[in-house]
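Colleague: Could you take me closely through the part of this model that surrounds the ligand? I should like one connected account, moving from the site itself into the parts of the fold around it.

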Amino acid sequence: MKLLHIDTSIQATGSISREMSAATAERLKREIPGLDVQYRDLAVHPLPHLTARVFAALAQDMDTGDFSDAERNDAVESKKVLEDFMAADIVVLGVPLYNYSVPSTLRAWIDRIVVFGKTFRYGGPNQPIGLAAGKRVIVALARGGYYAEGSAAAQHEHAETYLRSVFSLVGINDVEFIIAEGVAVGPEFRETALRGALDTIQTLAA
Ligand SMILES: Cc1cc2nc3c(=O)[nH]c(=O)nc-3n(C[C@H](O)[C@H](O)[C@H](O)COP(=O)(O)O)c2cc1C
């Protein structure tokens, strides 16, 4: 069984989402003997923004198109990113809330895995059919403030809502979220939120 572990926080140390995603991967490794873990740090190894030319290169045979080496390399990496996603049984994402949304590096990764004809198609107008169903996706999400459902700030939260939408497009409708929030309010709030999230992670089943 394969687990794809991705981190996105710009903080190399002291990152809550990294600590949560690492604990999640460790927990699942203990629960699932022989679990094969692949790791990518998008803050260290980001993908470029998708361009029209790379989009075109991906849609056709790159040997025949008039593409630069850089464009070819980009398309090759993009295909590999998609293959790695498709090969994964479990995807663990470490995600900080940045400016009410996900880090731009994660957004760039999503442009490489949400691909018409590969991870979704249309059954009719406004009837997307996801082609990546069956994967387990766990998001370890760190938020500076409080955005729980019903709170005044909930309308500004576009990380959890966005990720639920985007994974549902590819057929994954039951994304699991482990959330540490209010972490920027003060050190004691940070500690309480992190401890709660880590406790939840220790209850994750295979
Ligand atoms: C660039 C940036 C933007 C942020 N934007 C928000 C935000 O919109 N709302 C919020 O509640 N917290 C925001 N925060 C706080 C982070 O969500 C919080 O510190 C979180 O712990 C970051 O994840 P990390 O600890 O894994 O790095 C922001 C932090 C940074 C660095």
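Modeller: I shall begin with Asn99, which counts as exposed because its relative accessibility is 77%. The model is a predicted one, and the values that follow are computed from it. Asn99 sits in the loop between β3 and α4, where a polar atom of its backbone is placed 2.8 Å from a nitrogen atom of the ligand. The backbone of Asn99 also deserves attention, for its phi is positive, at about 45°, although the residue is not a glycine. Most residues other than glycine have a negative phi. Tyr100 also belongs to the loop between β3 and α4 and has a positive phi, near 70°, without being a glycine. With a relative accessibility of 41%, Tyr100 is classed as partly exposed.

The ligand has further polar partners in the protein backbone. One of its oxygen atoms is found 2.7 Å from a backbone N or O atom of Leu97. At Gly144, a backbone N or O atom is 3.2 Å from an oxygen atom of the ligand. Taken alone, the ligand has 620 Å² of accessible area, and the protein covers 74% of it. The shell around the ligand comprises 16 residues, of which Ser9, Ser15, Ser17, Leu97 and Tyr147 come nearest. By character, 8 residues of the shell are nonpolar, 7 are polar and 1 is charged. Helix α1 (16-31) and strand β6 are each the source of at least two of the shell residues.

Two residues of α1 show how that helix is placed. Arg18 is part of α1 and, with a relative accessible area of 13%, falls under the 20% limit and is therefore buried. Beyond its sequence neighbours, Arg18 touches Ser9 and Gln11, as well as Asp7, Ala12, Tyr39, Asp41 and Ala43. Ser9 thus appears both among the residues that come nearest to the ligand and among the contacts of Arg18. Glu26 is another member of α1, but its relative accessible area of 40% makes it partly exposed. From Glu26 to Val37, 11 residues along the chain, the C-alpha separation is 9.6 Å.

Ser17 links the site to a part of the chain that is remote in sequence. Its C-alpha atom is 8.2 Å from that of Ala180, although the two residues are 163 positions apart in sequence. Ala180 is located in strand β7 (residues 176-181) and is buried, its relative accessibility being 0%. Apart from neighbours within four places, the contacts of Ala180 are Ile16, Met20, Leu141, Ala142, Arg143, Ala193, Leu194 and Ala197.

Strand β6, the other element named for the shell, spans residues 136-143 and includes Arg136. The Arg136 side chain comes to 2.8 Å from the backbone oxygen of Ala205. Contacts of Arg136 outside its sequence neighbourhood include Ala205 together with Leu204 and Ala206, and also Leu28, Asp89, Ile90, Val91 and Glu176.

Returning to the loop that holds Asn99, the account can continue into α4, which is mostly covered, with 7 of its 10 residues buried. These are Thr105, Leu106, Ala108, Trp109, Ile110, Arg112 and Ile113. They pack against β1, α2 (52-59), α3, β3 and α5. Trp109 illustrates the packing: leaving out residues up to four places away, it touches Leu4, Ile6, Leu42, Leu47, Val81, Phe85, Leu93 and Phe167.

Trp109 also features in the largest nonpolar core, which has 33 residues. Along with Trp109, the residues with the most contacts inside that core are Leu93, Leu106, Val139, Leu163 and Phe167. Two or more residues of this core come from each of β1 (2-7), α3 (69-87), β3 (90-96), α4 (104-113), β6 and α5 (160-169). Of these, α4 gives the largest share, 5 residues. A separate core of 21 residues lies apart from it, with Leu3, Met20, Ala23 and Val183 among its members. Met20 of that second core is also one of the contacts of Ala180.

In summary, β6 contributes both to the shell around the ligand and to the largest nonpolar core, while the loop between β3 and α4 carries the exposed Asn99.

Notes: Residues are numbered from 1 along each chain as its sequence is written. This is a predicted model: local features need pLDDT of at least 70, side-chain atom pairs count only at pLDDT 80 or more; totals for chains, interfaces and linings use all residues. Side-chain values use heavy atoms; hydrogens and water are left out. Helices (H or I, at least four residues) and strands (E, at least two) are DSSP runs, numbered from the N terminus. A polar contact is a pair of N or O atoms within 3.5 Å; within protein, one must be able to donate a hydrogen and the other to accept it, and residues adjacent in sequence count only if both atoms are side-chain atoms. Contact means heavy atoms within 4.5 Å. A nonpolar core is a set of buried Ala, Val, Leu, Ile, Met, Phe, Trp, Tyr and Cys residues joined through side-chain atoms within 4.5 Å. Buried means under 20% relative accessible area, exposed over 50%, partly exposed in between (1.4 Å probe, protein chains only). A residue is near a molecule or strand if one of its heavy atoms lies within 4 Å of it. Accessible areas come from the Shrake-Rupley method with a 1.4 Å probe; for residues, only the protein chains shown count as cover. Ala, Val, Leu, Ile, Met, Phe, Trp, Tyr, Cys and Pro count as nonpolar, Asp, Glu, Lys and Arg as charged, and the others, Gly among them, as polar.
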